[in-house]
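Reader: Could you take me through one helix pair in this model, up close? I'd like to know how the two helices sit against each other and what fills the contact.

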Amino acid sequence: MENHFKIRPLTAQFVPDSRQAWIRLGIALLIGSVGSVGMWSVVVALPAVQSEFGASRGGASLAFTLTMAGFGIGGVAAGRLTDRVGIVATVALAAFLMGLGYLAASQSMALWQFNLICIAMGAGSSATFGPLMAEASHWFERRRGIAVSIAATGSYIGGAFWPPLVNWGIQTHGWRFTHAAIGLVSCALMLVLLIVLRMQMGAGSRRSHVNALPPRIDLQLGSNALTTLLFVAGVACCVAMAMPQVHIVAYCGDLGYGAARGSEMLSLMLACGIISRVGSGFLADRIGGIRTLLLGSVMQGIALLFYLFFDSMASLYAISAMFGLFQGGIVPGYAIIIREAMPASEAATRVGIVILGTVVGMALGGWISGLIFDATGSYAAAFMNGLGWNALNVVIMVSLLWRARQRLALAA
């Protein structure tokens, strides 16, 4: 009778790829969608903040740069913390940090104060991206690729619903009230979702990797060397990725189509990116992370090439959709490769480092493309620059695939 009523820990019952794993993934997706507000709100608030403080566009734009800096550096710290204390505690701390950041931003008395506070907002948001991808990878074995990709989709889902909501708040109640509301609401929602996730995970919220499966592939590279290569690859692919994403609105303006058409193309690009992320996860479960990322990088280069030869409105809509379908799965691919080739106990830290590389690439790509346009008066050279960086990413992925094949040949 005692055995019948004995309560077993939830972690003892957990089976990878099970229904419980999918429930955890669904909760993680919601957390990522809420937490991604830290990436998107600053873009929407930029005109209102600039107007109130009487700042230049460049001075106000620094807020986005510092937000992304916080996102990149915070992702490394959050990854390290996740490997040590678990995802629940890490995201809880991040939720409080982001909430306090938004409340502090609403009380800013000068632009420099607002800009510096954006670092905290970006750092808090970072814990709901890379660390969640790494954690989701521990819940699945057969469906790891699709799980990681779905976890990464939260940032795109947030990119779809947060900007119009934030814009409505600013137009209706002002940017200060809206920031305070975002801080309180996002923190509360994330904490509620974390409680539900904690109930699903039980004592496993602080993960032990003692019984984790060994890496699936051996690239005959140390973890530090592989992380460095993936960091460089992340910079390269995202310099290329930034060219259309950052400049498509301005490009359409230069062509005479107007900023509204460019905004529609950007939204189409991000919407197709959601499809791409999920689809690339299915593909990774069949052919592996390296091949999937390599395919995405090659196709991204082809889309960039099309931008050079076609500039009618209809063709730009089509190419932007194509670009979104090709590039959306690239960034989650790094997390999949890390889980395939590195020890599970290092996953969140390594993913955070590589995600930092992608953030650096986005920031660098947007800036360099602008400089090239200023120097040449055209985006043609900027697209060519993107193709060059994309080629570097392809070369790195081909070299990793070659090493993996060589290892398989030796094992045979």
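Author: In this predicted model, H11 and H12 run roughly antiparallel to each other, because their packing angle is about 155 degrees and anything over 145 counts as roughly antiparallel. H11 covers residues 223-255 and H12 covers residues 259-287, with the two axes 7 Å apart. As for handedness, the crossing of H11 past H12 is right-handed.

Now for who touches whom. On the H11 side you'll find Pro244, Gln245, Ile248, Val249 and Cys252. Facing them from H12 are Ala259, Gly262, Ser263, Met265, Leu266, Met269 and Leu270. Sort that set by class and you get nine nonpolar residues, three polar ones and no charged ones.

Ile248, one of the H11 contact residues, also gives you a handy way to get your bearings elsewhere in the chain. Go to Ala123 in helix H6, which spans residues 111-126. Ala123 and Ile248 are 125 residues apart in sequence, and their C-alpha atoms are 27 Å apart in space. Setting aside neighbours within four places in sequence, Ala123 has its contacts with Gly70, Phe71, Gly74 and Leu97.

Phe71 leads on to another spot, since you'll meet that residue again in the lining of the second largest cavity. That cavity has a volume of about 40 Å³, and it's one of two cavities of 30 Å³ or more in the structure. Alongside Phe71, the lining includes Gly32, Ser36, Met39, Ser125 and Thr128. By class, this lining has three nonpolar residues, six polar and no charged.

Methods
Residues are numbered from 1 along each chain as its sequence is written. This is a predicted model: local features need pLDDT of at least 70, side-chain atom pairs count only at pLDDT 80 or more; totals for chains, interfaces and linings use all residues. Side-chain values use heavy atoms; hydrogens and water are left out. Axes are lines fitted to C-alpha atoms, for helices over the stretch in contact, and angles run from 0 to 180 degrees between N-to-C directions. Helices (H or I, at least four residues) and strands (E, at least two) are DSSP runs, numbered from the N terminus. Angles under 35 degrees count as roughly parallel, over 145 as roughly antiparallel, 65 to 115 as roughly perpendicular and the rest as oblique. A crossing is left-handed if the near helix is turned anticlockwise from the far one by less than a right angle, and right-handed if clockwise. Contact means heavy atoms within 4.5 Å. Ala, Val, Leu, Ile, Met, Phe, Trp, Tyr, Cys and Pro count as nonpolar, Asp, Glu, Lys and Arg as charged, and the others, Gly among them, as polar. On a 1 Å grid over the protein atoms alone, a cavity is a set of points where a 1.4 Å probe fits but cannot get out, and a pocket is an open set with protein on both sides within 12 Å along at least five of seven lines; lining residues have an atom within 4 Å of a point. Grid points are joined across faces, edges and corners, and a volume is the space filled by probe spheres set on the points.
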